[in-house]
Amino acid sequence: MDYLSTSLKMASRRCPTKRNHPRADSTFLKGGATQQSEESASEDSGHPSSDNQEDEQIDGLEGVETSDDNDNDHEDDNEDSDNNRPGGSWDDHVYLSEDQYSDESDGTVEDVCPETQAEIDQFMKSFRKLDLHFKIIGKTGEGTFSSVYKAIDLRYDRYVNDWDLDERTAEYHSPRSKRQRLSHGKEKKAKYVAIKKIYVTSSPQRIHNELELLKDLTGSKNVVSLITAFRHMDQVIAVMPYFRHVDFRDYFRKLDIPEIQLYMRSLFTALKFVHAKGVLHRDIKPTNFLYDCSKGRGVLVDFGLAERESDDGTCCCLGTAEISRRDLKNHSPLLGGYPKNDQRPSKRANRAGTRGFRAPEVLFKCNAQTTKIDIWSAGVILLTFLSKRFPFFNSPDDIDAIIEMATVFGRAKMRICAALHGATFETAIPTITEKGHSLGRIVEWATARGKDNPLHPEEKTALQFLEATLELNHQRRLSADQALRHPFLAQIVPDVSDDEVETI
Ligand SMILES: Nc1ncnc2c1ncn2[C@@H]1O[C@H](COP(=O)(O)OP(=O)(O)OP(=O)(O)O)[C@@H](O)[C@H]1O
């Protein structure tokens, strides 16, 4: 983890009134009590434990805390209590202790089973001093690479919270002073965070990549941001804003077209932001887009597989915008035959992603993959909504995934798509027809539509949009920006606050 700590080291920016989120401050306690008053926390902070070098804060990737840094922080603490802040005295700021917060401020009541509670207790015990900053109240999710917990940010009011875009928007609309708002009883609500405990089996490179990208992607209401990050021994945690959301399986069959439009608008707004920063998410799927149906707002999470767009890759698709059927006939590698026992090493390319959501160019191992791979995956989500089938594609491996795709799109289009990336597609499977099926037909079959129940005009617009996102040739596939201007999404009243946040 030395690599991690050194490569993440950056200058720490300080705020005159509050700390700019170096959270591993000197108030970390040895052993740590679950309910700790601010006063006693500060007292204990004067005695940093001897193994402080093992605790690092990656502070939004700023200022990795060393024991020296901790000393500085301790001085800052003293300054705070010396009324040195331009804003006035210590009393000006309402700091809430853990039991003053309402756990129900976002409408969710946590119900933690004994096994999860034991897991949480073990985690808190193993990660020293974390209990001074956060109170974990539940487990919100689990993935291949992490467990994610919902927690109350006990020290929210001690820091500059630029990450809290909801708060910033509220201030923009109603510029009452923070003091006024905090002193108003009803607004003493808990600030929730999601603590992502990245499994120690993840490579430092992968963890570093995720944290770096999260840090760069701050500023959109539809993309998760990084509040801070900590390391203790071999354990790294990322702290992000918590987003209330509903399990995709609970609503994907229920959403009507206007609701699907809201969902897709939110998702493509997130993609536009991420792609504009030159980042490919690589793992767009429902569990990575946390959607709150009641607000019609979603947030893109999990940048564990994300990467920056690069010009280094090579693939025949770079010099070829289009391959016609005639080109294919004249230049098909099959014309010259192919070896039965091909000894050549197979082509290699980044295939990271989730099965069922991989774009054709990923399956054909293109080495010049672009942000368009995310558009394809978003298209698969739309197909799931319209067909009311989840998962829509369910292949165990890439070969089966190509067969599933060919069953829909047909041999002719698949041959052209393969040739675009220097590959050959041939199959003797009789159910794969030459022309395939239109996406409209697939949706009709999946939803048992007949002559007495034809597709509505708005569903037809949705299908046109679907075809433009599930375009086999990535060069003809819509970009996120174009998608937002497509009639399917352009008429949706945008979430005004999204635009405002960027201009604050
Ligand atoms: N900021 C957040 N707010 C609320 N819940 C979250 C947040 N971030 C993640 N989660 C929950 O935790 C789950 C797992 O998170 P994430 O996808 O980041 O982990 P992962 O281990 O990388 O997963 P995957 O297996 O998809 O790669 C999400 O599906 C979601 O339910």
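Let me begin at the ligand, where one of its oxygen atoms is 2.8 Å from an N or O atom in the side chain of S146. Please keep in mind throughout that what we have in front of us is a predicted model. A second contact of this kind involves F145, where a polar backbone atom is 2.9 Å from an oxygen atom of the ligand, and a further one involves T287, whose backbone N or O atom lies 2.9 Å from a ligand oxygen. On its own the ligand has 620 Å² of accessible area, and the protein covers 93% of that.

Where, then, does the ligand sit? It sits in the largest pocket. Around the ligand there are 19 residues, and the closest of them are T144, S146, K196, P241 and D302. If we sort the residues of this shell by character, we find seven that are nonpolar, eight that are polar and four that are charged. As for the elements they come from, those that give two or more residues to the shell are β2, β3, which covers residues 146–153, and β4, which covers 192–198. Which element gives the most to the shell? That is β2, with three residues.

Staying with strand β2 for a moment, I would point you to F134, which is found in this strand, itself made up of residues 134–142. Is F134 buried or exposed? Its relative accessible area is 1%, and because the cut-off for buried is anything under 20%, F134 counts as buried. It is also worth placing F134 against V193, since the two are 59 residues apart in sequence, while their C-alpha atoms are 8.5 Å apart in space.

Let me turn next to strand β6, where we find M240. With a relative accessible area of 8%, M240 is buried. Its separation from L305 is 65 residues along the sequence and 17 Å in space, again taken from C-alpha to C-alpha.

Now to the backbone, where a few residues deserve a careful look. The loop between β5, residues 228–232, and β6, residues 235–241, holds M233. M233 is not a glycine, and yet it has a positive phi of about 55 degrees. At 43% relative accessibility, M233 counts as partly exposed, because that class takes in what falls between the buried limit of 20% and the exposed limit of 50%.

A positive phi, near 50 degrees, is also found at A448, another residue other than glycine. You will find A448 in the loop between α16, residues 439–446, and α17, residues 457–469. Is A448 buried or exposed? With a relative accessible area of 67%, A448 is exposed.

On the subject of the backbone, there is also a peptide bond to mention, namely the one from F390 to P391, which is cis, with omega near -5 degrees. P391 has its place in the loop between α13, residues 372–387, and α14, residues 398–409.

To finish, I would like to take two residues from helices. In helix α16 there is E444, which at 22% relative accessibility counts as partly exposed. E444 and P454 are 10 residues apart along the chain, and 8.3 Å separates their C-alpha atoms. In helix α4, which runs over residues 114–126, there is Q117, and this residue is partly exposed, at 31% relative accessibility. How far apart in space are Q117 and L466, C-alpha to C-alpha? The distance is 43 Å, and in sequence these two residues are 349 apart.

If you take one picture away with you, let it be the ligand in the largest pocket, with strand β2 giving the most residues to the shell around it, and with S146 offering a side-chain N or O atom at 2.8 Å from a ligand oxygen.

Key. Residues numbered from 1 in each chain as written. Predicted model: local features only at pLDDT ≥ 70, side-chain atom pairs only at ≥ 80, totals over all residues. Heavy atoms only, no water. Helix = DSSP H or I, 4+ residues; strand = E, 2+ residues; numbered from the N terminus. Buried < 20%, exposed > 50% of the residue type's maximum accessible area, 1.4 Å probe, protein only. Near = heavy atom within 4 Å. Polar contact = N/O pair within 3.5 Å; in protein donor to acceptor, adjacent residues only side chain to side chain. Areas by Shrake-Rupley, 256 points an atom, 1.4 Å probe, with all protein chains shown as cover. 1 Å grid on protein atoms, 1.4 Å probe; cavity = no way out; pocket = protein on both sides within 12 Å on 5 of 7 lines; lining within 4 Å. Sits in = over half its atoms within 2 Å of the grid points. Nonpolar A, V, L, I, M, F, W, Y, C, P; charged D, E, K, R; others polar.
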